[in-house]
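The exercises below ask the reader to work through a two-chain structure step by step. Each task is followed by its worked solution.

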Amino acid sequence: MSYIQLDNLTVEYNIIKRKRKNTDESPSKKIALNNINLSLENGDFIAIMGKSGCGKTTLLNVIGTLLKPSAGDFYYNDILVNNLNEKALSDYRNSEVGFVVQHYALVDDMTVYDNIALPLSFRHISKKEIKERVSSLLNKLDISDKALNYPFELSGGEKQRVAIARALINNPSLILADEPTGALDEATGKEVMNLLKSLNKKGITIILATHDSDVASYANKILRMRDGSFI
Amino acid sequence: MIKELKRLLRKNMFLYIFLLLLTSAFSFVFVLLDNPGKEDGYAGPISGMYNTYISSYDLSYNAYLKNGLSFDKYTDLFNSLSTYDKWEYVTQTSFPIKTDDDVFFSDNLLVTNNFFSHYGITAENFDFNTGFSSSYAEKTYSIVLGSDYKSMYSVGDEFTTFDFLTDEETTFTIVAFVDKDCYYTDPYSKEKISCDNYSFIPILGELANNRDCRDLLEKSFSGFIFSEKSFFEVEKEIRFLENEVGIGSLKVVDTDNTYRYQEWSKRYERMSDEVYDYINKVTWILSICLALIIGFLLTSILYKESYTWGIYLMCGRSISDIQKILLSFVLSLCLICDLVSIIVICLSKGSLICIAKLQFMYLVIVAISYLACHRVLKINSLSLLIGGKE
């Protein structure tokens, strides 16, 4: 069995239309993911490319357990994730997955330090250990001097590095990156992608959603999507 | 979770203070709602009836009577007044009765027979027209007691007291008991008074021209005339009767003035009712608006936080964890606002019902805010975070 395996994964959205008088119009459905089959090994770096609305983000949301599939199975290390309860799913997100998104998703009124420590604060970890782990990451990502700054005081590249540090704080085996360079200039984008590449080299599996072929070129494998299916 | 709760409160401190102020205003509105509207109405006089009070407080009258002069004329005048067919003359003069040990009856009235017929007071197997009389000349007194005394006496029993007309011993014979739950209306206060613990002695009867009977006659003139005629017509008739008998100067008081004043009060009261109803409606509408504002503010605070909740979800919080934070926040806020409100209500002397209404309102606010935020969280938070904008 693979590290991540998706079997006939389907996600449908209900689009409820206003019911007209004297008609039995049922709510129409939009298929966001249509019978997706995917198998990934530990340490893979894949890029999913496609136009806006093709289903890239939906796929990342399903793998990140932020969205439940309508049909099909999602296995993670041979565990059927569909069957997990809410607590197990949140543990999975906390310890196994790191998210990196286009607009950083940092809490504005928290310092860089607190933002990075956020996933640890949801677990029963001592303050001392939190401090050690956060400091270590701050140094590795070269943002140690920004620890007490707030996100609005940082540049785009620094924000994204903070987001990556937060994604790495629990030593995840999987990073889901959705347009991680979308809000950055070219040079900073390259820095971020090099950082992700180096993480992959250390054994972290990365699934990257992008529309940019230059960004996708950092991946070992590129998958293209259209209308909820792989081409 | 406490850390997250603190963060929420710290972040929204100004809104929080504003909500507290708003809540205080909200509480005042509830106190307004709680204000008593109208008092229970009193039993008013019979429609179309005019009250005229006559009394003997006239110097010339007293001088004549006390000297025993014109005693017969005054007796005739009293009989004329009480039997005149153009009105009802009701005398209800209180008098004290004492026993050897203590005051025995708390409420005693000297009354004319008209008193019973006017107020519809009845006694079982007893006719007030024929059986209710005393001879003050021969010192034989009949008395009718209220139903409360039935357990203590029977018809035909006699008892002796002091201090009725004189300090001498006086023996009363019980002739009847007034039926239970009979009432009479005080002509001035308009209060309905139960006859159950009253005793009644007839004011009419055989009188002798002695000091005691003259005193009794003097008391007897204090009474009310109930008539459909106006005060001036009644007064004219009284003067006519006085002239007929050949004696005058009874004091005649227009109690209708009091009645009119009471009518004004009633009219004012009715107006107050309308104003109260109006205020009641306005305050309810205002309360609903305030509740909606509080609910809206809470929802907006929590809506603003939905982005942060999305981040929490990504970082490993579960939906139920976030719901707990949300509920704790709304509850803590409402609890503090509620405490402030209760203090305000207590200081404004609001009632328990007012506080209960407020609790209900807060429960509604908590429920609405919680459901609204739950919905917001479900719909918006993730779409704000995930997904690139190419």
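Helices (H or I, at least four residues) and strands (E, at least two) are taken here as DSSP runs, numbered from the N terminus. The model is a predicted one.

**Exercise 1. Describe the make-up of each chain by its helices, strands and buried residues.**

Solution. Begin with chain A, in which the assignment gives 7 helices and 10 strands. Of the 231 residues in chain A, 52% are buried, where buried stands for under 20% relative accessible area. Next take chain B, whose secondary structure comes to 12 helices and 13 strands, and in which buried residues make up 46% of the 390 residues. Finally, consider contacts with a separation of 6 or more: in chain A, residues 24 or more positions apart account for 75% of them, and in chain B the corresponding share is 75%.

**Exercise 2. Characterise the interface between chain A and chain B, from its area to the elements that supply the side of chain A.**

Solution. The size of an interface is often given as the accessible area lost when the parts come together. For chain A and chain B, this buried area is about 2200 Å², and carbon and sulfur atoms give 60% of it. The second step is to list the participants, which are 27 residues from chain A and 22 residues from chain B.

The third step turns to specific interactions, where the rule finds 2 salt bridges across the interface. One of them joins A:Asp109 to B:Arg7, with the closest N and O atoms 2.9 Å apart, a distance that can be set against the salt-bridge cut-off of 4 Å. The count of residue pairs in polar contact between the two chains, both at pLDDT 80 or more, is 6.

The fourth step asks which elements of chain A are involved: α1 (56–63), α2 (86–95), β6 (97–101) and α3 (112–121) each supply at least two residues of the side that touches chain B. The largest share, 4 residues, comes from α2(A). Sorted by class, the side of chain A that touches chain B has 10 nonpolar, 9 polar and 8 charged residues.

**Exercise 3. Decide whether A:Ser90 is buried or exposed, and find which residues of chain B it touches.**

Solution. A:Ser90 belongs to helix α2 of chain A. Its relative accessibility is 4%, and A:Ser90 therefore counts as buried, the limit being under 20%. Across the interface, A:Ser90 touches B:Gly316, B:Arg317 and B:Ser318.

**Exercise 4. Compare the expected span of helix α11 of chain B with the distance between its end C-alpha atoms.**

Solution. Helix α11 of chain B covers residues 319–347, and its 29 residues, at 1.5 Å a residue, should span 42 Å; the expected span is 1.5 Å times one less than the number of residues. The end C-alpha atoms are 42 Å apart, which agrees with that expectation. Just after α11(B), B:Lys349 takes a positive phi of about 60°.

**Exercise 5. Work out the surroundings of A:Thr205 and the partners of its side chain.**

Solution. First place the residue: A:Thr205 is in strand β8 (residues 205–210) of chain A. With a relative accessible area of 0%, A:Thr205 is buried. Its side chain makes a polar contact with the side chain of A:Asn42 at 3.1 Å, and it also reaches the backbone nitrogen of A:Gly43 at 2.8 Å. Leaving aside residues up to four places away in sequence, the residues that A:Thr205 touches include A:Tyr3, A:Glu41, A:Asp44, A:Ser173, A:Leu174, A:Ile175 and A:Asn200.

Terms used. Residues are numbered from 1 along each chain as its sequence is written. Chains are lettered from A and ligands numbered from 1 in the order in which they are written. This is a predicted model: local features need pLDDT of at least 70, side-chain atom pairs count only at pLDDT 80 or more; totals for chains, interfaces and linings use all residues. Side-chain values use heavy atoms; hydrogens and water are left out. Contact means heavy atoms within 4.5 Å. Buried area is the accessible area (1.4 Å probe) that two parts lose on being put together, summed over both. A salt bridge is a side-chain nitrogen of Lys or Arg within 4 Å of a carboxyl oxygen of Asp or Glu. A polar contact is a pair of N or O atoms within 3.5 Å; within protein, one must be able to donate a hydrogen and the other to accept it, and residues adjacent in sequence count only if both atoms are side-chain atoms. Ala, Val, Leu, Ile, Met, Phe, Trp, Tyr, Cys and Pro count as nonpolar, Asp, Glu, Lys and Arg as charged, and the others, Gly among them, as polar. Buried means under 20% relative accessible area, exposed over 50%, partly exposed in between (1.4 Å probe, protein chains only).
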